[in-house]
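Here's a walk through the side chains and helices of this one. Have a look at the sequence and the model first, then read on.

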Amino acid sequence: VSDPEEVARVVANFLQKKLGRKESEADLTAAVKAVGEKMKADRTKSRVTVYYLLAEQYKALDVFK
């Protein structure tokens, strides 16, 4: 995830709204970019996979039950 608009969208709509994260925007942006690095080899970068990895990182997978 390298497009700044997409990163901002994931931070606002998923991390802040869906997961209710209260960390600074800079910290959340760093988390999204770290997931992007982890998925570097995957050219598709599926949004579902990005969301899963972020939820896993914040131990919030129960949101999807």
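## Phe14 and its ring partners

Let's start with Phe14: its relative accessibility is 3%, so Phe14 counts as buried. Keep in mind that this is a predicted model.

How many aromatic pairs does a search of the whole structure find? The search turns up 2. In one of them, the rings of Phe14 and Tyr51 have centres 4.1 Å apart and planes at 0 degrees, so the pair is stacked. Phe14 sits in helix 1 and Tyr51 in helix 3, so this pair ties together parts that are 37 residues apart in sequence. Tyr51 is buried, as is Phe14.

Phe14 also pairs with Phe64: the ring centres are 6.2 Å apart and the planes are at 10 degrees, so this pair is stacked too. Here again distant parts of the chain are linked, with Phe14 in helix 1 and Phe64 in the segment after helix 3, 50 residues apart. What about exposure for Phe64: buried, partly exposed or exposed? At 45% relative accessibility, Phe64 counts as partly exposed. Put the pairs together and you get a cluster of Phe14, Tyr51 and Phe64.

## Helix 3 and what covers it

Tyr51 isn't on its own in helix 3, which covers residues 47-57: Val50, Leu53, Leu54 and Ala55 are buried there along with Tyr51. What covers these buried residues? The cover includes helix 1 (4-18) and helix 2 (25-38). After helix 3 comes Lys59, with a positive phi near 50 degrees.

## Helix 2 against helix 3

Helix 2 and helix 3 pack with their axes 10 Å apart, at an angle of about 120 degrees. That angle falls outside the 65 to 115 degrees that counts as roughly perpendicular and isn't over 145, the cut-off for roughly antiparallel. Helix 2 and helix 3 are therefore oblique to each other. Their crossing is right-handed.

Which residues meet here? From helix 2 it's Ala31, Val32, Val35 and Lys38, and from helix 3 it's Val50, Leu53, Leu54 and Gln57. Val50, Leu53 and Leu54 turn up among the buried residues of helix 3 as well.

## Salt bridges

Side chains of opposite charge can pair when their charged atoms come close. The count for this model comes to 4 salt bridges.

One of them joins Arg9 and Glu6, whose closest N and O atoms are 3.0 Å apart. Both residues lie in helix 1, 3 residues apart, or about one turn of the helix. An α-helix has 3.6 residues a turn, so residues three or four places apart point the same way. On exposure, Arg9 counts as partly exposed because its relative accessibility is 36%, while Glu6 counts as buried at 17%.

Arg21 and Glu23 also meet in a salt bridge, 2.5 Å from N to O. Arg21 is partly exposed at 23% relative accessibility, and Glu23 is partly exposed with a relative accessible area of 26%. Then there's Lys40 with Glu37, where the N to O distance is 3.5 Å. Lys40 is exposed, with a relative accessible area of 57%. Finally, salt bridges with shared partners join Glu6, Arg9 and Arg47 into one network.

How values were computed: Residues numbered from 1 in each chain as written. Predicted model: local features only at pLDDT ≥ 70, side-chain atom pairs only at ≥ 80, totals over all residues. Heavy atoms only, no water. Buried < 20%, exposed > 50% of the residue type's maximum accessible area, 1.4 Å probe, protein only. Helix = DSSP H or I, 4+ residues; strand = E, 2+ residues; numbered from the N terminus. Contact = heavy atoms within 4.5 Å. Salt bridge = Lys/Arg side-chain N within 4 Å of Asp/Glu carboxyl O. Phe/Tyr/Trp six-rings, centres within 6.5 Å; stacked < 30°, edge-to-face > 60°. Axes fitted to C-alpha atoms, helices over the stretch in contact; angles between N-to-C directions. Parallel < 35°, antiparallel > 145°, perpendicular 65-115°, else oblique. Left-handed = near helix turned anticlockwise from the far one by under 90°.
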